[in-house]
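Colleague: Could you take me through this model and tell me what stands behind the labels you put on it?
Modeller: Gladly; let's have it in front of us first.

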Amino acid sequence: MTTTAAPGAQALAYEWIKFRSVRSTVWTTVATAVLPVLGAVFVATTGSLQSDDTVLGGSLTLSVVAQMLAAVVGALVMTGEYSSGTIRTTFAARPRRSSVLAAKAALVAGVMYVLALASCTLAYLVGDALLPEGRYAQGEPLPALFGIAASFAVAALLGLAVGTLVRHSAGAVTTVIGLLLLPSLFGPLFGDAERWIAGLSPTAALEKLTQTSDAAADTVGSLGPWPSLLLVAAYTTVLALGALVLLRRRDV
């Protein structure tokens, strides 16, 4: 007697095969995982941590760059298929486009969450081991590390939504990097609305969760770390739903 895998599991398996078959996606994912640890080693060995920073924040100095790469991975998962033309084969094999996007979303969110949790936890442990004991505040790694991993997953989903909308790799990467950086840059220009505008990016939520001294209200907004992460997750969900609507309506 033979058994057939559930459609969702089958779609996820197909997406995993494609994911690990594309060099740009694989190497960007590897860089996402490695950067936080390298940042922890660099900060500890160079003594560049500010006196008012925390061990957690200093150890995750390069987590912001890594999060941007996670967003790039999300974009490439979709735009790579448009660039190569394999998206036609994908939709021919699975005419329900919503199931394709759902499988891609589950894959990038799951991969980035697990990798970020492992990498950022290791970076914190490395920083804690290398930095002088008692000189810096420790910070509160739990439950912050779970939120940090979630911010990577949200960034990847944001990249996937943008990639679905734009369908061109260079344009999608540029757009998603802009979405991560521009709210913090322009937030102070909006007066009382600054606490909302500046906290609109996954990067802002990440900096708050890492408890870095750089997470000042005038650069990342005055919302708390968890409300900021929920706000980012909410508009990412809306953008993803909009991308799904266009994916169903547009020709390949």
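**Reasons behind the labels**

Modeller: This is a predicted model, and I'd start with a helix contact: from α7, Ala 144, Gly 147, Ile 148, Ser 151, Phe 152, Ala 155 and Leu 158 meet Pro 202, Leu 206, Leu 209 and Thr 210 of α10. By class, the residues of this contact are eight nonpolar, three polar and no charged.

Colleague: Why are α7 and α10 called roughly antiparallel?

Modeller: The axes of α7 (residues 141–166) and α10 (residues 202–210) cross at roughly 170° and come within 9 Å. Angles over 145 degrees count as roughly antiparallel, and therefore α7 and α10 get that label.

Colleague: What makes Gly 147 a member of the polar group in that contact?

Modeller: That follows from the classes in use, where Gly is counted among the polar residues. Gly 147 is one of the α7 residues that meet α10.

Colleague: Now the aromatic rings. How do you know that Trp 16 and Phe 19 form a pair, and what makes the pair stacked?

Modeller: Their centres are 5.9 Å apart, and the limit for a pair is within 6.5 Å. The planes stand at 15°, whereas stacked requires under 30 degrees, so the pair is called stacked. A search of the whole structure finds one aromatic pair. Both Trp 16 and Phe 19 lie in helix α1, three residues apart, about one turn of the helix.

Colleague: Which elements give two or more residues to the lining of the largest pocket?

Modeller: They are α1 (7–21), α2 (23–46), α4 (63–84) and α6 (97–130). With five residues, α4 gives the most. The space in this pocket is about 250 Å³, and of its 16 lining residues the closest to the centre are Lys 18, Val 22, Val 77, Gly 80 and Glu 81.

Colleague: How does that lining divide into nonpolar, polar and charged residues?

Modeller: Five are nonpolar, seven polar and four charged. Lys and Glu count as charged, so Lys 18 and Glu 81 belong to the charged class.

Colleague: What is the omega of the cis peptide bond, and which residues does the bond join?

Modeller: Omega is about 5°, and the bond joins Leu 142 and Pro 143. Pro 143 is found in helix α7.

Colleague: And what is noted about phi of Arg 167?

Modeller: Phi there is near 70°, a positive value in a residue other than glycine. Arg 167 sits in the loop between α7 and α8 (169–186).

Note on methods: Residues are numbered from 1 along each chain as its sequence is written. This is a predicted model: local features need pLDDT of at least 70, side-chain atom pairs count only at pLDDT 80 or more; totals for chains, interfaces and linings use all residues. Side-chain values use heavy atoms; hydrogens and water are left out. Axes are lines fitted to C-alpha atoms, for helices over the stretch in contact, and angles run from 0 to 180 degrees between N-to-C directions. Helices (H or I, at least four residues) and strands (E, at least two) are DSSP runs, numbered from the N terminus. Angles under 35 degrees count as roughly parallel, over 145 as roughly antiparallel, 65 to 115 as roughly perpendicular and the rest as oblique. Contact means heavy atoms within 4.5 Å. On a 1 Å grid over the protein atoms alone, a cavity is a set of points where a 1.4 Å probe fits but cannot get out, and a pocket is an open set with protein on both sides within 12 Å along at least five of seven lines; lining residues have an atom within 4 Å of a point. Grid points are joined across faces, edges and corners, and a volume is the space filled by probe spheres set on the points. Rings of Phe, Tyr and Trp (its six-membered ring) pair if their centres lie within 6.5 Å; planes under 30 degrees apart count as stacked, over 60 as edge-to-face and the rest as tilted.
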